[in-house]
Amino acid sequence: MSPIFPCKGCGTFIERSTQHYRRVKGQVLCSTCSDARREAEARTLRRRHPLRRLLFRIRSFWS
Ligand SMILES: [Zn+2]
């Protein structure tokens, strides 16, 4: 039986393995919160991607 941990995002109690708990260093997230976090990280990455900004600059230079 897996131990129960509270989600760091919303506090919902979820069943996770001890290995998982160690892997995430105690930052256990339920599937909803981990999805939301992944999405937020992806958004941040897209926004801050330097190459993308460079491409945008080049494109506006030529148009
Ligand atoms: Zn949660």
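Helix 3 has 13 residues, and the number of them that are buried is zero, so this helix lies largely in the open. I should say at once that what we are discussing is a predicted model. Helix 3 covers residues 50-62. From its first C-alpha to its last, helix 3 reaches 19 Å, which is close to the 18 Å expected at 1.5 Å a residue.

Let me turn to the preceding helix. Helix 2 takes in residues 31-48. At 1.5 Å a residue, its 18 residues should span 26 Å, and its end C-alpha atoms are indeed 26 Å apart, so the expected and computed values agree. How many of the 18 residues of helix 2 are buried? The number is zero, so helix 2, too, lies largely in the open.

Between helix 2 and helix 3 there is a loop, and histidine 49 is found in it. Histidine 49 has 11 other C-beta atoms within 10 Å; a residue with 12 or fewer is classed as exposed, and therefore histidine 49 is exposed. Looking back along the chain from histidine 49, glutamate 39 is 10 residues away, and the C-alpha atoms of the two are separated by 15 Å.

I now move to the loop between helix 1 and helix 2. Helix 1 comprises residues 18-23, and lysine 25 lies in the loop that follows it. Lysine 25 is not a glycine, yet its phi is positive, at about 55 degrees. Is lysine 25 buried or exposed? With 7 C-beta neighbours inside 10 Å, lysine 25 counts as exposed. Glycine 26 is found in this loop between helix 1 and helix 2 as well. Glycine 26 has 9 C-beta neighbours inside 10 Å and so counts as exposed. How far apart in space are glycine 26 and phenylalanine 61, C-alpha to C-alpha? The distance is 48 Å, for a separation of 35 residues in sequence.

With those parts described, let us consider the whole chain. There are three helices and two strands, and their order along the sequence is β-β-α-α-α. The radius of gyration is 19 Å, whereas the globule rule gives 11 Å for 63 residues; the value is well over that figure, so the chain is more spread out than a compact globule. Taken along the principal axes, the box that the C-alpha atoms fill is roughly 60 × 20 × 15 Å.

Two further values complete the description. Of the 63 residues in the chain, 5% are buried. As for contacts between residues at least 6 apart in sequence, 6% join residues at least 24 apart.

To close, I return to the two helices discussed at the start: helix 2 has zero buried residues and so lies largely in the open, and helix 3 likewise has zero.

Conventions. Residues are numbered from 1 along each chain as its sequence is written. This is a predicted model: local features need pLDDT of at least 70, side-chain atom pairs count only at pLDDT 80 or more; totals for chains, interfaces and linings use all residues. Helices (H or I, at least four residues) and strands (E, at least two) are DSSP runs, numbered from the N terminus. The expected span of a helix is 1.5 Å times one less than its number of residues. A residue is buried if 20 or more other C-beta atoms lie within 10 Å of its own, exposed if 12 or fewer, and partly exposed in between; C-beta atoms are placed from the backbone. The radius of gyration is taken over C-alpha atoms; the globule rule is 2.2 Å times the number of residues to the power 0.38. Two residues are in contact if their C-beta atoms, placed from the backbone, lie within 7 Å.
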